[in-house]
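Student: Can we walk through this model together? I'd like to get a feel for its strands and one of its pockets.

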Amino acid sequence: MAKLDLFLAQPQSATLEAALAERFTLHRGTAPATTRAVVGGGSLRWGAADCDRLPALEIVAIHGVGHDGIDLDAARARGVRVTITPEVLTDDVADLALALWLAVERAVVANDRAVRDGGWGVPLARRATGRRVGIFGLGQIGRAIAARAAPFAGGIGYCARSAKDVPFERLPDVAALAAASDVLFLAAPGGAATQRVVDAAVLDALGPGGVLVNVARGSLVDEAALVSALERGVIAGAGLDVFADEPRVPAALRALPQVVLAPHQGSATREARAAMEALVLANLDAWLAGKPPVSAIA
């Protein structure tokens, strides 16, 4: 029986590509009109025109949880299923969020660099215990960040589209959340509703002792405003795993010693990536068998 055509919109791991090749005829670069399935990562952009170019398309399987680049309405209108890989990366993203925060507060990277350069005397860092934590977006990842921060935070607040059944204060908007926080974690989805939601006014509200941690999407932050705020001491520091124009990171951010940077590594553990790959395959296998995909969002 001939294999169905699958378009690899973005490169995947050798393990996942090998498993896909067992099930499909893989195509790279240009998708043939006979393409029935597409696989891409969380940064994939796929709209109505892409669907229209592939009249046989039935499923877009995302290796990740980000789907702000996918036109879900267009997919639904054309009967194209869209799947993501939720839950399996929650703990790892939350772990990294806390690691970035602590690395900024305790100057971990600067201290490491000083010792490697043969130094010893370094400036004092700041205590993390007792700091007021704000979380923008209280979905699975936001809740996991809260659970990790709660034992030593000096209080937790959040801002979300709807009230959650949690013992934390809900603030009306991100500016109010920033004003009530010492460290502001971003864990909300990307998209038009959150585009540059952290702007100069929010950073002013966070204040000179504040730290921004972003493990969500670079689009949530006005990057120029952030650079300016850091250079002028409007906020104390930032821990960033995501950027507005990845993989390009502004030179100004790279030059700032009070910033800790990571190359979008929230889910980058062996365990999470293996589970994500398994879920991509589970979604495709269910679809091939004529069953509903395991984690469809459209």
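Tutor: Sure, and a definition comes before anything else: two strands pair if DSSP finds at least two bridges between them. Keep in mind that this is a predicted model.

Student: Which residue in β2 stands opposite D5?

Tutor: Start with the strands: β1 covers residues 4–8, and β2 covers residues 24–27. These two pair in the parallel sense over 4 bridges. Across that pairing, the β2 residue opposite D5 is T25.

Student: Is the crossover from β1 to β2 right-handed or left-handed?

Tutor: After β1 the chain goes through helix α1, residues 14–23, and then enters β2. That makes a β-α-β crossover, and its hand is right-handed.

Student: What stands opposite L8 in β3?

Tutor: β1 also runs parallel to β3, residues 35–41, with 4 bridges joining them. In β3, the residue facing L8 is V39.

Student: Is D117 buried or exposed?

Tutor: You'll find D117 in the loop between α5 and β6. Its relative accessibility is 64%, and the cut-off for exposed is over 50%. So D117 counts as exposed.

Student: Which element gives the most to the lining of the second largest pocket?

Tutor: That pocket has a volume of about 410 Å³, and of its 24 lining residues, V104, A107, A110, P257 and Q258 are the closest to its centre. α4, α5, α10 and β12 each supply at least two lining residues. With 6 residues, the top contributor is α5.

Student: How many residues of that pocket's lining are nonpolar?

Tutor: The lining of the second largest pocket includes 2 polar and 4 charged residues. The nonpolar ones number 18.

Conventions
Residues numbered from 1 in each chain as written. Predicted model: local features only at pLDDT ≥ 70, side-chain atom pairs only at ≥ 80, totals over all residues. Heavy atoms only, no water. 1 Å grid on protein atoms, 1.4 Å probe; cavity = no way out; pocket = protein on both sides within 12 Å on 5 of 7 lines; lining within 4 Å. Points joined across faces, edges and corners; volume = space filled by probe spheres on them. Nonpolar A, V, L, I, M, F, W, Y, C, P; charged D, E, K, R; others polar. Buried < 20%, exposed > 50% of the residue type's maximum accessible area, 1.4 Å probe, protein only. Right-handed = clockwise from strand over helix to strand, strands pointing away.
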